[in-house]
Amino acid sequence: MEQVKISVVIPTYHRNDLLAKCLNCLAPGVQTLPAEKYEVIVTDDGFKTTAEEMIRNRYSWVKWLAGPRKGAAANRNNGAKYAKGSFIAFTDDDCLPSSSWLSSFYSALTPHIQVYEGKTTCETGVCSPMEEAPVNLTGGYLWSCNMLVKARLFQEISGFDEKFPYPYMEDVDFRERIKKAGLTFLFIQDAIVDHPPRRRLWGDKLGASQESLVYYWRCKKKKKFFKVQLIRNILSYRIRAILNFGFSLDSLKAVTSMIVEISYIISHMNQWQKKYPLE
């Protein structure tokens with residue numbers, strides 16, 4: 001097979017400390033894929049501060065781009081526009097790619113497959129109902145923190161949908177559009193990215209993010225999505241997480257946050273339904 005250059009795209013937003021750890025994992029000589037076979041692009045939506053100076057001083061092999069400041073989907077698409085590789089690998093600024101991440105993807109490339117997903121772990125584990133981490137040990141999710149897609153295909157299907165109002169569900173939508181196009185994606189067990197746990201957003205912000213789910217169901221699936229259905233799903237998921245960790249200060253915070261989240265949804269659902277009418 002001819003040599004394929006991989007462009008790694010990392011969206012970032014005011015998290016230089018985490019971004020530095022991610023870039024350390026992608027440095028030439030750390031990754032087992034030869035440096036000439038990949039590039040790293042950071043697309044930066046920061047406005048209070050940016051990573052430009054840090055990258056210029058410490059990571060001269062990284063290309064820094066000013067982001068469009070229109071959300072995570074638009075930020076990823078922005079990085080992809082400047083990719084020189086025939087494949088684009090996506091990860092996030094709070095992730096830690098393994099040293100064999102890129103070489104595992106590279107070794108798995110086949111002419112018949114245009115989309116690949118890697119294994120996403122959380123080595124330290126989630127220790128509180130106020131923490132979360134995406135874990136994908138067996139495939140089937142195609143999350144944007146660990147995926148590889150042929151650059152031409154990414155452009156043909158217009159990348160990530162930038163109309164999602166919050167950074168939630170846009171990678172699910174991307175996965176479903178890949179399936180709708182009749183394409184399959186291959187799970188690469190050894191293409192590992194570790195995603196350390198992060199603090200869960202507070203209830204009002206979690207509630208606001210559910211607008212993306214309403215947009216997905218009504219504008220993409222063309223199906224009604226009822227307030228009761230959404231609240232039931234949230235109660236089931238949040239209560240299960242709280243019970244898994246037993247009583248603690250964080251469990252009390254999680255209960256309070258859940259109430260705030262549900263209250264936000266109740267007060268905004270009618271507005272969302274009008275905003276995204278079924279055609």
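Helices here are DSSP runs of H or I, at least four residues long, numbered from the N terminus. With that in hand, take Asp250, which lies in helix α9, residues 249-275. One caution before we go on: this is a predicted model.

Let's stay with Asp250. Is Asp250 buried or exposed? Its relative accessible area is 16%, and buried means under 20%, so Asp250 is buried. What does Asp250 touch, once residues up to four places away in sequence are set aside? The answer is Ser128, Pro129, Met130 and Arg199. Look at Met130 in that list. Asp250 and Met130 are 120 residues apart along the chain. Yet their C-alpha atoms are separated by 6.2 Å.

Now step back to the whole chain. The secondary structure comes to 9 helices and 10 strands. The radius of gyration is 19 Å, close to the 19 Å that the globule rule gives for 279 residues, so the chain is as compact as a globular protein of that length. Along the principal axes, the C-alpha atoms fill a box of roughly 55 × 45 × 35 Å. Of the 279 residues, 50% count as buried.

How do the contacts spread along the sequence? Take contacts between residues at least 6 apart in sequence. Of these, 76% join residues at least 24 apart. The pair Asp250 and Met130, 120 residues apart, shows how sequence distance and space can part ways.

Next, the surface. The accessible surface of the chain comes to about 13,800 Å². Carbon and sulfur atoms hold 54% of that. On charges, the chain has 38 positive and 29 negative. The mean positions of the two sets are 6 Å apart.

On to helix α1, residues 16-26. Which residues of α1 are buried? They are Leu19, Ala20, Cys22, Leu23, Cys25 and Leu26. A general point helps here. An α-helix has 3.6 residues a turn, so residues three or four places apart point the same way. Keep that in mind as you look at the buried list: Leu19, Cys22 and Leu26 are in it, and so are Leu23 and Cys25.

What do the buried residues of α1 pack against? The strands are β1 (6-12), β2 (38-44), β3 (62-66) and β5 (96-97). The helices are α2 (52-58) and α4 (101-108).

Two residues let us zoom in. Cys25 sits in α1. Cys25 is buried, at 18% relative accessible area. Beyond its sequence neighbours up to four places away, Cys25 touches Val30, Gln31, Leu96 and Pro97. Gln229 is another matter: Cys25 and Gln229 are 204 residues apart in sequence and 41 Å apart, C-alpha to C-alpha.

The second is Met54, in helix α2. Met54 counts as buried, at 13% relative accessibility. Leaving aside neighbours within four places in sequence, Met54 is in contact with Asn16, Leu19, Ala20 and Tyr59. Leu19 and Ala20 are among the buried residues of α1. Met54 and Glu117 are 63 residues apart in sequence, and 30 Å apart in space, C-alpha to C-alpha.

Now cysteines. How many disulfides does a search of the whole structure find? It finds 0. Why does Cys122 not form one? The sulfur of Cys122 is 8.0 Å from the closest cysteine sulfur, in Cys127, and that is too far for a bond. The cut-off is 2.5 Å between sulfur atoms. Cys122 is buried, at 15% relative accessible area. Cys219, by contrast, is partly exposed, at 25%.

Last stop: the loops. Gly85 is in the loop between α3 and β4 (87-90). Gly85 counts as buried, at 8% relative accessibility. Gly85 touches Lys5, Ser7, Glu39 and Ala151, not counting residues up to four places away in sequence. Ile6 is 79 residues from Gly85 in sequence, but 4.8 Å away, C-alpha to C-alpha.

Two other loop residues have a positive phi although neither is a glycine. Arg69 has a phi of about 60°. Arg69 lies in the loop between β3 and α3 (72-81). Arg69 counts as exposed, at 53% relative accessibility. Ser158 has a phi of about 65°. Ser158 is in the loop between α5 (151-156) and α6 (170-180). Ser158 is exposed too, with a relative accessible area of 56%.

That's the tour. Thanks.

Note on methods: Residues are numbered from 1 along each chain as its sequence is written. This is a predicted model: local features need pLDDT of at least 70, side-chain atom pairs count only at pLDDT 80 or more; totals for chains, interfaces and linings use all residues. Side-chain values use heavy atoms; hydrogens and water are left out. Buried means under 20% relative accessible area, exposed over 50%, partly exposed in between (1.4 Å probe, protein chains only). Helices (H or I, at least four residues) and strands (E, at least two) are DSSP runs, numbered from the N terminus. Contact means heavy atoms within 4.5 Å. The radius of gyration is taken over C-alpha atoms; the globule rule is 2.2 Å times the number of residues to the power 0.38. Accessible areas come from the Shrake-Rupley method with a 1.4 Å probe; for residues, only the protein chains shown count as cover. Lys and Arg count as positive and Asp and Glu as negative; His and the chain ends are not counted. The place of a charge is taken as NZ of Lys, CZ of Arg, CG of Asp or CD of Glu.
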